[in-house]
Protein chains: 2
Amino acid sequence: MEDQVMNGPKYFYRNISVDSVIIGYHEKELKVLLQRPQNFTKWGLPGGYVLKTETVDEAAFRIVRYRTQLENIFLHQFKVYSDPDRIKDDSLNPETFQKIIGIPIEKDHWMFDNFISIAFFALTEFSLVQPTGAAYMEECCWWNINNLPKLYYDHNEIIAGALKALKLFIHHHPIGYELLPEKFTLPELHALYETILNKKLDIRNFTKKLVSIGLIKKLDEHRNIGAHRSPYLYTFNKEKYDQLIQEEEIIVI
Amino acid sequence: MEDQVMNGPKYFYRNISVDSVIIGYHEKELKVLLQRPQNFTKWGLPGGYVLKTETVDEAAFRIVRYRTQLENIFLHQFKVYSDPDRIKDDSLNPETFQKIIGIPIEKDHWMFDNFISIAFFALTEFSLVQPTGAAYMEECCWWNINNLPKLYYDHNEIIAGALKALKLFIHHHPIGYELLPEKFTLPELHALYETILNKKLDIRNFTKKLVSIGLIKKLDEHRNIGAHRSPYLYTFNKEKYDQLIQEEEIIVI
């Protein structure tokens with residue numbers, strides 16, 4: 001680690017980082033995984049540098065895998081953030097960092113140049129993730145995406161960008177498979193789409209649409225949630241799901 | 001220019017470039033603006049480096065403005081290309097470059113490191129553009145996007161990515177305003193959408209849809225294209241056009 005901090009540009013591209021908005025879904029809320037480095041007051045997104053031997057997508061996968069312990073996660077590159085002042089005016093400075101790692105860090109150290117950040121969103125079922133702090137991280141946990149503190153750098157802006165991108169994305173790439181358990185009820189799926197699109201959807205039209213294109217199928221199983229309440233369980237038709245992703249057909253919900 | 005070549009990393013980020021797929025539309029074909037540097041056999045996309053004082057979007061605008069002489073051009077960032085080998089195995093090497101500019105270029109010169117390229121597509125009305133070669137460019141002109149030679153680097157892949165992104169983009173961001181003259185006939189608009197989506201569209205449903213959402217309006221003018229053939233001219237309702245872009249509503253065509 002010390003070698004990577006001191007001799008970073010031997011291994012990593014200078015001035016390039018990746019940041020991931022890892023989104024989970026739980027109790028009708030979208031959650032985002034945030035971390036807080038040691039001695040920091042602010043929280044931010046898990047991110048890291050890009051090795052010269054990998055693509056930016058591989059870098060994002062590597063870093064997300066490390067923080068979530070998930071082998072298969074859905075990741076989508078959505079925007080590059082490059083304001084020349086994006087990482088200035090913050091508590092992350094050479095002095096703070098030197099205190100944390102105990103190695104002298106010069107003011108012109110490569111880690112304190114500006115970084116162009118390539119942002120990804122990742123979708124995952126909330127319950128599968130074990131948030132894991134990286135080295136020098138004090139805390140790493142889920143936050144309600146609609147109720148965030150002021151984060152370090154431009155990370156509030158990046159999260160807003162991820163939500164905007166996700167709203168468009170859902171129309172040509174079904175996303176429930178990554179965010180819901182294998183079997184779900186129609187109201188559960190409906191609530192997920194309403195949450196992401198942040199608007200009311202007529203549940204009958206919504207269901208009709210998804211059943212008619214063959215995206216979901218009814219199982220011969222019920223969920224018992226009380227007297228006279230045992231809704232059918234549904235599951236995704238994975239073949240159709242993958243075909244829709246492949247063809248990038250537009251689905252209006 | 002010599003100073004920028006020799007001392008690039010003083011001004012530009014290392015290992016970061018922008019490339020733009022500048023798309024025009026002419027006679028039912030999508031065109032792309034390509035350049036060929038001096039002493040090169042291959043063609044490629046106009047691209048350049050990012051100044052440390054600008055965003056990547058500003059860099060792309062600066063470079064596209066320089067090549068097209070257009071002040072207002074629509075630009076959209078769509079993907080980052082970062083294969084570690086993306087610029088290897090090509091005729092652009094220090095020797096060729098040294099011959100062109102007459103300055104000694106070392107093998108480890110910053111311009112011959114790998115570059116992570118942030119790709120944009122730009123849409124413009126074909127007739128407004130005056131293709132302009134940059135320094136060291138031998139030729140710069142429009143090519144039919146469906147009939148391209150093998151380009152240098154991964155630029156064929158970048159163009160394919162731009163077309164794919166444009167097909168999705170057109171569903172939440174109307175694009176005719178950038179690609180057509182101010183007044184157009186319905187068959188002209190219809191042909192543009194068919195060309196971009198690369199599929200047949202029923203012209204009556206297509207027209208009904210765009211008129212009903214208020215995106216286009218009929219003018220009290222005809223185009224005379226022959227005996228008994230004088231179709232009405234239409235124009236975009238710019239207010240509605242901008243509103244649709246703002247709201248990012250999904251339009252299925």
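This passage covers the contact between two chains, a helix pair and one isoleucine in a predicted model.

The two chains meet through 24 residues of chain A and 24 residues of chain B. On the side of chain A, three elements each give two or more residues: strand 1 (12-26), strand 4 (74-81) and strand 5 (116-123). Strand 1 of chain A provides the largest share, four residues. By residue class, the side of chain A that touches chain B holds ten nonpolar, eight polar and six charged residues.

Within chain B, helix 7 (residues 186-197) packs with helix 8 (residues 203-212). Their axes lie 11 Å apart, at an angle of about 100°. Angles of 65 to 115 degrees count as roughly perpendicular, and helix 7 and helix 8 of chain B are therefore roughly perpendicular to each other. Helix 7 of chain B brings Leu186(B), His190(B) and Tyr193(B) to the contact. Helix 8 of chain B brings Ile203(B), Phe206(B) and Thr207(B). Four residues of this contact are nonpolar, two are polar and none is charged.

In chain A, Ile100(A) is part of helix 4 (residues 94-101). Ile100(A) has 18 other C-beta atoms within 10 Å. A residue counts as buried at 20 or more and as exposed at 12 or fewer, so Ile100(A) is partly exposed. Leaving aside residues up to four places away in sequence, Ile100(A) touches Pro37(A), Gln38(A), Asn39(A) and Tyr136(A). Pro37(A) is 63 residues from Ile100(A) in sequence. In space, the two are 8.9 Å apart, C-alpha to C-alpha.

Technical notes: Residues numbered from 1 in each chain as written. Chains lettered and ligands numbered in written order. Predicted model: local features only at pLDDT ≥ 70, side-chain atom pairs only at ≥ 80, totals over all residues. Axes fitted to C-alpha atoms, helices over the stretch in contact; angles between N-to-C directions. Parallel < 35°, antiparallel > 145°, perpendicular 65-115°, else oblique. Contact = placed C-beta atoms within 7 Å. Nonpolar A, V, L, I, M, F, W, Y, C, P; charged D, E, K, R; others polar.
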